[in-house]
Protein chains: 2
Amino acid sequence: MALDKMPRVDKKQSPTVVEVAKRAGCSIATVSRVLNRPETVAIDMRERILRVVDELGYVPNGSARALRSSRSRLIGLIVPTLDSAIFTRMLEGLESRLAPAGASLVYSATGYDLDREIRVVRNLIEKGVDGIVLVGSCHRKETLKLLREHKVRFAVTYALSEDASIPSMGFDNRSGGALAASYLADLGHKNLGIIAGVTRENDRASGRLEGFLAMAERRGIDRSSIVVVESPYEFSRGRAAAKIILNQNRNVTAIFCGSDVLAVGALRGCQDAGLRVPQDISMIGFDNLDIAEYLTPGLTTVDVPARLMGEQAANYFLADRNSLDIHSRVDLETRLIVRESTAPARDRQ
Amino acid sequence: MALDKMPRVDKKQSPTVVEVAKRAGCSIATVSRVLNRPETVAIDMRERILRVVDELGYVPNGSARALRSSRSRLIGLIVPTLDSAIFTRMLEGLESRLAPAGASLVYSATGYDLDREIRVVRNLIEKGVDGIVLVGSCHRKETLKLLREHKVRFAVTYALSEDASIPSMGFDNRSGGALAASYLADLGHKNLGIIAGVTRENDRASGRLEGFLAMAERRGIDRSSIVVVESPYEFSRGRAAAKIILNQNRNVTAIFCGSDVLAVGALRGCQDAGLRVPQDISMIGFDNLDIAEYLTPGLTTVDVPARLMGEQAANYFLADRNSLDIHSRVDLETRLIVRESTAPARDRQ
DNA sequence: CCGAGATATGAAAAGGTTTACATCGGAGCC
DNA sequence: GGCTCCGATGTAAACCTTTTCATATCTCGG
């Protein structure tokens with residue numbers, strides 16, 4: 001059957017501004033004005049038009065609007081993934097601010113692949129987004145070139161870009177790591193394990209690791225007594241990594257994880273190995289996911305202002321040209337949240 | 001200072017199809033064809049144009065494309081929230097299928113408010129989305145009217161709509177609840193607690209509850225020995241709810257939670273009360289979130305095919321008119337995942 | 001009562017693409 | 001060799017807004 005030739009049932013199209021104008025007895029310009037800058041239209045005309053709009057169920061065509069005004073009210077969000085719950089809080093923060101302003105969020109994932117990020121950015125530019133939220137300040141040159149050439153507003157989160165010209169609303173991953181190291185040193189731990197995220201092309205993961213290591217050194221902990229393992233942010237990987245560390249150095253009394261996701265897995269891994277947390281081994285995470293408080297034991301972790309970053313990013317994209325620079329750089333703080341998964345180092349065996 | 005009068009630096013505009021055509025020495029129609037149906041253009045011309053596209057860094061204007069073709073390649077996703085991690089897996093499934101097809105996901109949250117859902121739908125229609133993914137089959141009349149009048153393709157997830165004309169890719173929440181009840185009955189539990197989600201205007205929460213209750217009755221469990229509490233899907237609420245149940249009936253030997261999020265909180269609540277899970281009390285959740293496996297004890301739960309629903313929804317929206325009905329209804333299964341949080345009922349005290 | 005200025009509305013162009021239709025060559029057939 | 005038909009390309013209209021500029025009406029001071 002020739003499906004192409006099927007009768008078009010679309011006879012009754014969605015009403016346009018023309019239809020509204022006709023019924024209201026005015027020009028389309030006036031209708032447009034009522035919708036965009038109501039105060040410029042006489043009160044009675046305004047009300048008449050609004051009534052017609054309502055009657056007809058008229059909804060403006062966003063594509064046409066975007067084409068003409070070159071503003072789509074779409075903000076792109078590019079994150080590695082949402083699977084691990086790390087970025088959802090930022091997303092919620094962003095959306096909560098965007099929605100009241102009539103803007104929407106276009107979500108894209110890269111799977112921690114910077115080349116894929118290029119394609120994703122191109123796709124978002126094609127969709128005409130007014131701005132793009134990026135995670136971290138490590139990107140391909142091509143990504144930035146694309147962004148600049150097309151004059152798309154963008155910002156970096158979860159990190160503070162060294163390049164001051166790049167807007168960022170984030171925090172210093174290094175000092176977050178340092179916070180954890182410092183606390184473990186306070187507790188007297190000397191033999192440490194670290195389960196870092198994959199540091200390659202990931203400034204957050206590497207920043208946390210470096211910050212931790214630097215502070216550990218400052219506190220007199222011997223680098224040779226620190227075991228470092230890298231693994232992707234997955235529960236199962238954290239579990240496996242804990243076992244590797246335990247095998248490598250049975251004297252480890254504390255493990256720092258580059259993410260709570262890894263910490264959850266590692267917690268389980270330690271328990272699998274018959275170790276009690278925190279009596280036998282201390283565990284400290286990073287992110288302060290909601291779940292951290294509800295684990296047993298509650299997870300000591302470094303809090304990341306995820307939601308706040310989302311909100312601040314939204315502020316930046318919603319800002320008009322004049323107040324842009326005010327919002328273009330927001331330095332936020334990490335802080336240590338002490339719960340039950342950490343304790344003073346046990347005596348050496 | 002008159003900021004409005006600032007010099008426009010936008011002299012160098014992004015190149016358009018006209019520019020490409022000029023450089024390639026052809027008409028704009030041919031350029032468009034190369035981009036959309038390359039096989040209709042001679043190979044040498046095609047390559048020449050592609051080269052120019054690359055040189056210029058030309059990116060098509062999505063708004064213009066959407067306006068003319070009335071296809072935006074945008075799919076809207078409306079969920080209650082992403083905070084609780086319940087819906088992120090579906091989102092990832094959806095996005096993973098959409099992205100390769102050049103489509104993007106527009107995310108909106110309702111906060112479990114059906115009136116807000118109406119506004120969100122209107123907003124998405126205005127953005128010109130090609131389709132909308134909804135959660136559950138409980139919606140305001142106005143929402144559906146909007147969707148129908150504007151001929152926006154839409155589908156329901158996390159439930160199977162009774163109205164067969166509404167496409168849905170979901171599962172039967174009642175049988176999911178029944179699964180849990182049946183298993184607890186098998187284990188000999190007679191005094192039960194239920195922490196359901198808020199059932200008002202939520203067919204998933206109420207379905208799970210009803211399904212559980214119905215099966216419990218069938219298995220001879222006395223309704224009067226079942227304590228039911230409703231609470232929003234938050235860890236803290238689950239914890240509080242567990243305490244309420246324990247206070248109300250100290251003989252409860254098992255608790256069914258309408259969501260893993262509640263179960264996590266309840267687990268903690270029981271431990272707070274000095275109860276061991278599963279020796280003193282069994283706990284069973286719903287959703288099979290990734291975290292469930294990593295709790296201590298591992299959480300017995302009802303698995304929901306979240307990712308699959310997202311993928312199937314994507315298939316539906318990506319399908320062309322011909323194969324639409326094939327994809328328009330996908331019944332998926334829930335299944336019980338037994339872990340360590342459940343055990344045979346302890347003897348009555 | 002006239003003219004200036006403010007206010008409200010209309011006419012028309014512009015924004016960048018897709019696509020129906022027209023055109024132009026060339027291949028295949030009798 | 002002329003005719004048909006097909007494939008490749010071009011022309012121009014259409015998609016629906018926003019926005020600039022012009023016009024018309026009204027207010028108010030002199």
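Ala, Val, Leu, Ile, Met, Phe, Trp, Tyr, Cys and Pro count as nonpolar, Asp, Glu, Lys and Arg as charged, and the others, Gly among them, as polar. Keep that sorting rule at hand for the exercises below, and remember that this is a predicted model.

**Exercise 1. Describe the protein surface near DNA strand C.**

Step 1: Start with the residues. DNA strand C has 28 residues around it, and those that come nearest are A:Ala29, B:Val17, B:Ala29, B:Ser32 and B:Ala64.

Step 2: Move on to the elements. Two or more residues each are given by α2 (28–36) and α4 (62–69) of chain A, and by α2 (28–36) and α4 of chain B. The most, six residues, come from α2(B).

Step 3: Sort by class. This surface has 15 nonpolar, nine polar and four charged residues.

**Exercise 2. Do the same for DNA strand D.**

Step 1: Here 26 residues surround the strand, and A:Val17, A:Ala29, A:Ser32, A:Ala64 and B:Ala29 are the closest.

Step 2: The elements giving two or more residues are α2 and α4 of chain A and α2 and α4 of chain B. For DNA strand D, α2(A) gives the most, with six residues.

Step 3: The classes come to 13 nonpolar, nine polar and four charged residues.

**Exercise 3. Work out how chain B touches chain A.**

Step 1: Count the residues on each side. In chain B, 47 residues are in contact with 47 residues of chain A.

Step 2: Find the elements on the chain B side. Those with two or more residues there are α4 (62–69), α5 (88–98), β2 (104–109), α6 (114–127) and α11 (260–272) of chain B. The largest share, six residues, belongs to β2(B).

Step 3: Sort this side by class. It holds 20 nonpolar, 18 polar and nine charged residues.

Step 4: Look at β2 in both chains. Strand β2 (residues 104–109) of chain A pairs with β2(B) in the antiparallel sense, over three bridges. Within this pair, A:Val106 stands opposite B:Val106.

**Exercise 4. Trace the sheet from edge to edge and explain what is special about its ends.**

Step 1: Recall what joins strands. Strands of a sheet pair through backbone hydrogen bonds, either parallel or antiparallel.

Step 2: Follow the order. The open sheet has 12 strands, running β11(A)-β5(A)-β4(A)-β3(A)-β1(A)-β2(A)-β2(B)-β1(B)-β3(B)-β4(B)-β5(B)-β11(B), with mixed pairing.

Step 3: Inspect the edges. There stand β11 (329–332) of chain A and β11 (329–332) of chain B, each with a single partner strand, so one side of each has no neighbour in the sheet. From one strand to the next, the twist averages 20°.

Step 4: Zoom in on a parallel pair. Strands β3 (residues 131–135) and β4 (residues 153–157) of chain B run parallel and are joined by five bridges. B:Val133 has B:Ala155 in β4(B) as its bridge partner.

**Exercise 5. Decide whether A:Gly265 is buried or exposed, and find its contacts.**

Step 1: Locate the residue. A:Gly265 lies in helix α11 (residues 260–272) of chain A.

Step 2: Apply the cut-off. A residue is buried if 20 or more other C-beta atoms lie within 10 Å of its own. A:Gly265 has 26 other C-beta atoms within 10 Å, so A:Gly265 is buried.

Step 3: List the partners. Apart from neighbours within four places in sequence, A:Gly265 is in contact with A:Phe235, A:Ser236, A:Arg237, A:Gly238, A:Arg239 and B:Tyr294.

**Exercise 6. Check the confidence of chain A.**

Step 1: Chain A averages a pLDDT of 93, and 96% of the residues score at least 70.

Step 2: Over residues 1–11 of chain A, the pLDDT is below 50, and this stretch has one contact in the model beyond near neighbours in sequence.

Terms used:
Residues are numbered from 1 along each chain as its sequence is written. Chains are lettered from A and ligands numbered from 1 in the order in which they are written. This is a predicted model: local features need pLDDT of at least 70, side-chain atom pairs count only at pLDDT 80 or more; totals for chains, interfaces and linings use all residues. Two residues are in contact if their C-beta atoms, placed from the backbone, lie within 7 Å. Helices (H or I, at least four residues) and strands (E, at least two) are DSSP runs, numbered from the N terminus. Two strands pair if DSSP finds at least two bridges between them. Axes are lines fitted to C-alpha atoms, for helices over the stretch in contact, and angles run from 0 to 180 degrees between N-to-C directions. A residue is near a molecule or strand if its C-beta atom, placed from the backbone, lies within 6 Å of it. A residue is buried if 20 or more other C-beta atoms lie within 10 Å of its own, exposed if 12 or fewer, and partly exposed in between; C-beta atoms are placed from the backbone. pLDDT is the predictor's confidence in each residue, from 0 to 100.
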